[in-house]
Amino acid sequence: MVWNGVKGLILGSIVTFPAGAETRHAYLEQVDGTRVEIAEIRFDGPTYEIVMADGVFSDHFLSMRPFKCLTSDQKHWCHLPYPYEIKRDISADLTDLEYDFLFVWKGATEYGINLWNGVYYQLTEGESGYVGTMHELNLDPLGVPPEQGDLRPINRADMDPADPDSHWLPRLVIE
């Protein structure tokens with residue numbers, strides 16, 4: 001699928017939008033403000049669909065599974081698509097949107113991937129969209145499906161705010 005010249009992988013389940021749908025863009029941001037556009041998001045009221053920007057990610061086969069990663073000389077930032085049911089609805093809070101932007105980082109020279117290096121961007125509403133601050137957490141528990149009906153198994157108590165100066169991409173911006 002291509003929207004506004006962005007070719008990517010569709011994460012949402014809604015395929016068509018009425019004329020009033022709003023388009024926003026998601027960026028990962030370095031401490032110095034340099035941004036990488038990683039997705040286009042189409043909002044139709046409180047529901048949304050995401051198209052990840054394939055062109056900025058490279059394909060990696062890590063720990064026996066494929067990942068789409070942003071790479072630098074020091075770190076790789078690999079997208080971890082949330083593997084279970086998600087409503088993609090932000091009418092109550094921004095959790096579904098946060099789950100769509102899970103990442104795992106690894107050193108550029110490391111072999112494999114360690115889900116202990118999970119990245120969760122906790123979103124707040126900003127002046128022109130949403131701003132996500134990086135939290136670190138172990139994403140190993142996502143290897144087991146949550147109990148039926150539990151659409152939000154990530155426990156915020158297990159998250160630690162990250163030191164932005166010690167990470168390559170400490171902010172998520174949606175505008």
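## Secondary structure

The protein contains one helix and 13 strands. These assignments, like the values that follow, come from a predicted model. Along the sequence, the elements occur in the order β-β-β-β-β-β-β-β-α-β-β-β-β-β; eight strands thus precede the helix and five follow the helix.

With regard to chain connectivity, contacts with a sequence separation of 6 or more were considered. Of these, 59% link residues 24 or more positions apart.

## Burial and surface

The protein comprises 175 residues, and 46% of them are buried. The exposed area amounts to about 9,200 Å². Carbon and sulfur atoms contribute 49% of that area.

## Nonpolar core

In soluble globular proteins, nonpolar side chains tend to be buried together. In the present model, the largest nonpolar core consists of 47 residues. Within this core, I38, W77, L97 and F101 have the most contacts.

Strand β4, which spans residues 35–44, supplies the largest share of the core, namely five residues.

## Largest pocket

The largest pocket has a volume of about 180 Å³. Its lining is formed by 13 residues. Among them, P141, L142, P153, I154 and N155 lie nearest the centre of the pocket.

Classified by residue type, the lining of the largest pocket includes ten nonpolar residues, two polar residues and one charged residue.

Conventions. Residues numbered from 1 in each chain as written. Predicted model: local features only at pLDDT ≥ 70, side-chain atom pairs only at ≥ 80, totals over all residues. Heavy atoms only, no water. Core = buried A, V, L, I, M, F, W, Y, C linked by side-chain atoms within 4.5 Å. Buried < 20%, exposed > 50% of the residue type's maximum accessible area, 1.4 Å probe, protein only. Helix = DSSP H or I, 4+ residues; strand = E, 2+ residues; numbered from the N terminus. 1 Å grid on protein atoms, 1.4 Å probe; cavity = no way out; pocket = protein on both sides within 12 Å on 5 of 7 lines; lining within 4 Å. Points joined across faces, edges and corners; volume = space filled by probe spheres on them. Nonpolar A, V, L, I, M, F, W, Y, C, P; charged D, E, K, R; others polar. Contact = heavy atoms within 4.5 Å. Areas by Shrake-Rupley, 256 points an atom, 1.4 Å probe, with all protein chains shown as cover.
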